[in-house]
Amino acid sequence: MTDGFKVAEVGDVEPGQMIMVEVKSEQILLANVDGEIFAVNGVCTHAGCSLYGGGLEGNLVECPCHIAVFDVKTGAAISGPAMESIESYPVRIDGKDVIVTLE
Ligand code: FES
């Protein structure tokens, strides 16, 4: 397990919005669901598209390429064609800082 990385400030990602950040060469999608920020791997497990270009509806992000849907709270693949979940990462808020831990 590694230490957490500051990846953004709380105000950088508004409720209902997503941003993409890079940590140790990993594309990490930060999604704000009703004021709570979640972090998942931002690369779709189907064919590698960036989930950043997709839509966020509640806690569900839809891949822009072939409309697979993932739960940003857990990383679970909700509907195909992606069968594999995306990784989800622990998020901690420290003051204004959003800290993500890659394990
Ligand atoms: S690359 Fe995401 S659904 Fe195909």
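Let's start with the core. The largest nonpolar core in this structure has 17 residues. Cys 44, Leu 51, Val 61, Phe 70 and Val 72 make the most contacts inside it. Strand 3, residues 26-33, and strand 4, residues 36-41, each supply at least two residues of this core. Strand 3 gives the largest share, three residues. Keep in mind that this is a predicted model.

Now take one residue from that list. What does Cys 44 touch, once we leave out residues up to four places away in sequence? The contacts are Cys 49, Leu 51, Cys 63, Ala 68, Phe 70 and Ala 82. Cys 44 has a relative accessible area of 5%, so the residue is buried. Its contact Cys 63 is also on the list of buried residues, because its relative accessibility is 2%.

There is a second core, separate from the one I began with. This one has 14 residues. Val 7, Val 21, Ile 28 and Ala 39 are among them.

Next, the cysteines. How many disulfides does the structure hold? One. Cys 49 is joined to Cys 65, with the sulfurs 1.9 Å apart. The S-S bond has a torsion of -95 degrees, and the link is left-handed. Where do the two ends sit? Cys 49 is in the loop between strand 4 and strand 5, and strand 5 covers 55-57. Cys 65 is in the loop between strand 6, at 60-62, and strand 7, at 69-71. The two cysteines are 16 residues apart, and the pair links distant parts of the chain. A disulfide is a covalent bond between two cysteine sulfurs.

Are the two ends buried or exposed? Cys 49 has 18% relative accessibility, so it counts as buried, the cut-off being under 20%. Cys 65 comes out at 36%, so it counts as partly exposed.

On to a polar residue, Asn 41. It lies in strand 4. Its relative accessibility is 13%, so Asn 41 counts as buried. What does its side chain meet? One partner is the side chain of Glu 26, through a polar contact of 3.1 Å. Another is the backbone nitrogen of Val 43, which lies 3.0 Å from a polar atom of the Asn 41 side chain. Leaving out residues up to four places away in sequence, Asn 41 touches Glu 26, Gln 27, Leu 29, Leu 51, Ile 86, Glu 87 and Tyr 89. Leu 51 you have met already, as one of the core residues with the most contacts.

Last topic, the charges. How many salt bridges turn up in a search of the whole structure? Two. In one, Glu 9 pairs with Lys 6, at 3.2 Å from N to O. Glu 9 counts as partly exposed, because its relative accessibility is 33%. Lys 6 counts as partly exposed too, at 46%.

The other bridge runs from Lys 6 to Asp 97, at 3.3 Å from N to O. Lys 6 is in strand 1, residues 4-9, and Asp 97 is in strand 11, residues 97-101. That pair is 91 residues apart and links distant parts of the chain. Asp 97 has a relative accessible area of 22%, so this residue is partly exposed. With shared partners, the salt bridges join Lys 6, Glu 9 and Asp 97 into one network.

Technical notes: Residues are numbered from 1 along each chain as its sequence is written. This is a predicted model: local features need pLDDT of at least 70, side-chain atom pairs count only at pLDDT 80 or more; totals for chains, interfaces and linings use all residues. Side-chain values use heavy atoms; hydrogens and water are left out. A nonpolar core is a set of buried Ala, Val, Leu, Ile, Met, Phe, Trp, Tyr and Cys residues joined through side-chain atoms within 4.5 Å. Buried means under 20% relative accessible area, exposed over 50%, partly exposed in between (1.4 Å probe, protein chains only). Helices (H or I, at least four residues) and strands (E, at least two) are DSSP runs, numbered from the N terminus. Contact means heavy atoms within 4.5 Å. A disulfide is a pair of cysteine sulfur atoms within 2.5 Å. A polar contact is a pair of N or O atoms within 3.5 Å; within protein, one must be able to donate a hydrogen and the other to accept it, and residues adjacent in sequence count only if both atoms are side-chain atoms. A salt bridge is a side-chain nitrogen of Lys or Arg within 4 Å of a carboxyl oxygen of Asp or Glu.
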